[in-house]
Amino acid sequence: MTQSAIAVIGAGMIGAAHAFGYKVNIDRFSSRLDRLRLKTVCDGNGELAASMAASWGFETVAADWKDVLDDPEIGIVSICLPNFLHAEVTLAALAAGKHVICEKPLALDATTAGNIYAASKAASTVSATVFNYRRIPAVAAIQRLIGNGEIGDLVNALVQYESEYAADPDLPHSWRYERDRAGPGALLDLGTHAVDVARFLCGEVEEIAGAIATISVKQRFLPAGASIGHNHVELSTESRPVDNDDVMSALLRFRNGCQGTFLASRVAVGMGNSLTIAITGTKGAVRYSSRLPAQYEIARFDGSGQSPFAIVANSPALPFARLLPVPHDGVAIGYAEVFGFMIHEFLDAIAKGEPMTNGSILDGLRASEILDAIQQAADTNQPTTVKHAAA
Ligand SMILES: NC(=O)c1ccc[n+]([C@@H]2O[C@H](COP(=O)([O-])OP(=O)(O)OC[C@H]3O[C@@H](n4cnc5c(N)ncnc54)[C@H](O)[C@@H]3O)[C@@H](O)[C@H]2O)c1
């Protein structure tokens, strides 16, 4: 059995979702992974690390991620750091022989993501990119039915990730609003999910026919102290410009001929934190909104001119739903449970000694290639071909 203490590096907004994902799976895997347990939370902010350790039952805290990678008991690492640290820490974790799951975006650009992919191929451990939205049972069911040809050849797809978090100009400046540390703004923060879902459901993207970026809140005040996630904190009197997009929209051309409309917005007033999918094929159409996470809708072309949409509610027949604590027809589903499904797949791959293929490092690279092309199309105001590195 693999020696498997767990570390979560980064105790900010998303670190706790990883802790939850492990917590609900530890007992399920305890007979397959030796001494599987929450061992270390690492964060440069000691208070945050201590608070997360206490909330979730980690044994210890660390301030420096290098100490985590030096710990021989730690076999499994979640990387939940700001975007600009993903590449350095993921490469180091792979070199240290750890199983590693890195938050999206895998890297700030496709060249760096390609380096991580090369290192992951050379490593003997399991590695993955966090693409949690693939595991929403309704989304995974849509992927399955498209694959089975149930809505025919794909004609057009709309994938939108809209969030309101940056609509408030009184939120502090942070790494998220700096191109150097975050990369593109809404495009990388939210668009990474939308691009991955688009690929997952509709296949490879060949071309960005056009893209538009907008910055709507151009300046933000620095926090007076530490800040995490999208929290309000006391602001200092010093401000910094926002130099990455608040909104990015693009037109996509998929390899299979389907056309796509993409939107990522972090200033989407009224939208909360919403993923919207609408796909039309020659024989039907599907739609999904994360605001109604436990269902999707499908219309099957019936020649009437008004083919109706029918609701398909969550049920144990849908992918992943059997892992729910209440696997029963019509029972709702939450954001954190989906993290549980993802960590389940990650631990299962580790226990089997097999690569993780759903949300792999290669998937992270492919998303980066599309995101780079969208950014380039916006920067140049020109159609841009997506450059696919060899797998
Ligand atoms: N999968 C999802 O749905 C999802 C949702 C939110 C965020 N994310 C991703 O998760 C990552 C983290 O986002 P977040 O919202 O949690 O950010 P955050 O700013 O809330 O947290 C980041 C944490 O990293 C710590 N940190 C920074 N540099 C460090 C270092 N050198 N060593 C140790 N700790 C350090 C900070 O103190 C902070 O607590 C981002 O890449 C983001 O894109 C993913």
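Let's start at Asn381, which sits in the loop between H12 and strand S17 (384–385). Please keep in mind that we are looking at a predicted model. Asn381 is not a glycine, yet its phi is positive, at about 60°. Is Asn381 buried or exposed? It has 9 C-beta neighbours inside 10 Å, so Asn381 counts as exposed.

While we are on backbone angles, have a look at Arg35 as well. Arg35 lies in strand S2, residues 33–42. Here too we have a residue that is not a glycine with a positive phi, this time about 55°. Arg35 has 13 other C-beta atoms within 10 Å, and is therefore partly exposed. Why point these out? Because most residues other than glycine have a negative phi, and most peptide bonds are trans.

That brings me to the peptide bond between Lys104 and Pro105. This bond is cis, with omega at about -15°. Pro105 itself is found in the loop between strand S5 (99–102) and helix H6 (110–122).

Now let's step back to the domains. The domain assignment splits the protein chain into domain 1, covering 2–133, and domain 2, covering 134–333 + 367–379. How far apart are the C-alpha centres of domain 1 and domain 2? They are separated by 24 Å. Across the boundary, 18 residues of domain 1 are in contact with 22 residues of domain 2. On the side of domain 1 that touches domain 2, twelve residues are nonpolar, four are polar and two are charged.

Next, the ligand. There are 24 residues around it, and those that come nearest are Gly12, Met13, Ile14, Glu103 and Ile228. Which domains contribute to this shell? Domain 1 and domain 2 each supply at least three residues. By class, the shell around the ligand has twelve nonpolar, eight polar and four charged residues.

On to the helices, where H10 will be our anchor. Two packed helices are described by the angle between their axes and the distance between the axes. Take H7, residues 137–147, with H10, residues 191–202: their axes come within 8 Å and cross at roughly 35°. On the H7 side, the residues that meet H10 are Val139, Ile142, Gln143 and Ile146, and their partners in H10 are Val197, Phe200 and Leu201. This contact of H7 with H10 counts six nonpolar residues, one polar and no charged ones.

H10 also meets helix H12, residues 361–380. The axes of H10 and H12 come within 9 Å, and the crossing angle is roughly 110°. Because of that angle, H10 and H12 are described as roughly perpendicular to each other. H10 brings Gly191, Thr192, Val195, Asp196 and Arg199 to the contact, and H12 brings Asp363, Arg366, Ala367, Ile370 and Leu371. In this contact of H10 with H12, four residues are nonpolar, two are polar and four are charged.

Let me finish with a few single residues you can click on. Leu91 is in helix H5, residues 86–95. With 20 C-beta neighbours inside 10 Å, it counts as buried. Leaving aside residues up to four places away in sequence, Leu91 touches Ile116 and Ala119. For a sense of distance, Leu91 and Ala118 are 27 residues apart in sequence and 9.8 Å apart in space, C-alpha to C-alpha.

Now Ala285, in strand S14, residues 284–289. Ala285 has 19 other C-beta atoms within 10 Å, so it is partly exposed. Which residues does Ala285 touch, not counting those up to four places away in sequence? They are Ile151, Ile279, Thr280 and Ala299. Pro169 is 116 residues from Ala285 along the chain, and their C-alpha atoms are separated by 38 Å.

And last, Gln295, which lies in strand S15, residues 295–300. Gln295 counts as partly exposed, because there are 19 C-beta neighbours inside 10 Å. With residues up to four places away in sequence set aside, Gln295 touches Ala138, Ile311, Val312, Ala313 and Asn314. We can also tie Gln295 back to Lys104, the residue joined to Pro105 by the cis bond. Gln295 and Lys104 are 191 residues apart in sequence and 25 Å apart in space, C-alpha to C-alpha. Thanks, everyone, and feel free to spin the model around while we chat.

Conventions
Residues numbered from 1 in each chain as written. Predicted model: local features only at pLDDT ≥ 70, side-chain atom pairs only at ≥ 80, totals over all residues. Axes fitted to C-alpha atoms, helices over the stretch in contact; angles between N-to-C directions. Helix = DSSP H or I, 4+ residues; strand = E, 2+ residues; numbered from the N terminus. Contact = placed C-beta atoms within 7 Å. Nonpolar A, V, L, I, M, F, W, Y, C, P; charged D, E, K, R; others polar. Parallel < 35°, antiparallel > 145°, perpendicular 65-115°, else oblique. Near = placed C-beta within 6 Å. Domains from an automatic or database assignment. Buried ≥ 20, exposed ≤ 12 C-beta atoms within 10 Å, placed from the backbone.
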